[in-house]
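Biologist: Could you take a close look at one helix for me and walk me through it? Cut-offs included, please.

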Amino acid sequence: MPLFSQSSPCCTAAAVAAVKSSDRKTKFVSPALRNCKFTSPVLRLSENDKFNVSRLALCHSRRAVKGQTIAMALVGNTVGEKGEVATSSSILAYDLIQGELVRWSSVMDRSLPDPPTAVFLHGILGCRKNWGSFARRLALEFPTWQFLLVDLRCHGDSASMKKRGPHTVASAASDVLKLVRDLRITPRVLVGHSFGGKVVLSMVDQAAKPLARPVRAWVLDATPGKVRAGGDGEDHPPELISFLRTLPKEISTKQEVVRALIQQGFSNDVAQWVVTNLRPSSSGGSQSSSFSWVFDLRGIAEMYQSYEETNLWQLVEDVPRGVHMNFLKAERSLHRWALEDLRRIHAAEEVAAEEGGGVEMHVLEDAGHWVHADNPDGLFRILSSSFQGGKT
């Protein structure tokens, strides 16, 4: 079963398999793609592969192929043809992880139903890779589903895709909505951690489409309104962002950043997590071992300020019909939640039930703010209810 990938500025129907094994060299080209110039081979996966990972990025350029432009459409298991490639500056980097029963071998069969899709969003200073292991586990358990992991603006591989300001919760949500529209995906489940949780709420707030009805939204360890600082040993994003902006753009070793953060009072866990945003620097073919940051700290500082200022309680207390909102509180995340927050969510549960929507509160035991790292098994059990309908 082939995997598809796009990368600018190559032909928009170019496909490449993302597999861990470097010795898989068998080439397979779909008949529909033979006339396209490829820059990377398409590899056939072995029978033992339980999920597919497709790293995709829409082109910013327009390229004619026999009078038409071919664009990858991730809905209905098809390769769609349309008049032009999306040229929006809001395109984001992402991974698509697919269960083994998402039948990409039938790429030209438009009669097949759309595979159900879940979108996963990271928190501030995170990236889509934060969700990689968790999404692969979901793909194994729910093989008819596919999971779209996104780098939000100013983060990860999306940081190099310059975006117009302002950098806000709303603009980050708009980016993701544009992405799923460009990919012709209608997600059934939205999952966001921390900052990403408010982005999920903003997505629901902004669009009747392309969101499906019904849709399940998961907000992990974030409230719809006031943002409260973490306790001792937890992350403190404003201070962390401010300190990172004082560091040089080129870093000799990751360990020197870890030491500097610990000396400033940040925990070792936070320090180790931050340095996952360092990548080896490219310096004209030299063997330099320096590293550089993959995020835009100035933009991220604006995004975090917006996170603090954005209040979406009105949406929660008047849930659109067909939307089920789930809030998850980490048991050890004591400082982020006030009694007022819990009372308002429980009150919204009753109102939503009467109005045809849904609001539900969950507690993840034995976990701090980093829910998918602290208790992945517990989080998996809680989230699994959203995917039961797609399991075979």
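Modeller: Sure, let's take α2: ten of its 14 residues are buried (under 20% relative accessible area with a 1.4 Å probe, protein chains only; over 50% would be exposed, and in between partly exposed), so this helix is largely enclosed by the rest of the structure. Keep in mind that this is a predicted model, where local features need pLDDT of at least 70, side-chain atom pairs count only at pLDDT 80 or more, and totals for chains, interfaces and linings use all residues. Residues are numbered from 1 along each chain as its sequence is written, and side-chain values use heavy atoms, with hydrogens and water left out.

The helix itself covers residues 169–182; helices here are DSSP runs of H or I with at least four residues, numbered from the N terminus. From first C-alpha to last, α2 reaches 20 Å, close to the 20 Å expected at 1.5 Å a residue (that is, 1.5 Å times one less than the number of residues).

As for who is buried, the list runs Val169, Ser171, Ala172, Ala173, Asp175, Val176, Leu177, Leu179, Val180 and Asp182. Two aspartates, Asp175 and Asp182, are among them. An α-helix has 3.6 residues a turn, so residues three or four places apart point the same way.

Now the ends. At the start of α2, Thr168 brings a side-chain oxygen to within 3.4 Å of the backbone nitrogen of Ala170. Just past the other end, Arg184 adopts a positive phi of about 60°.

Note on methods. A polar contact is a pair of N or O atoms within 3.5 Å; within protein, one must be able to donate a hydrogen and the other to accept it, and residues adjacent in sequence count only if both atoms are side-chain atoms.
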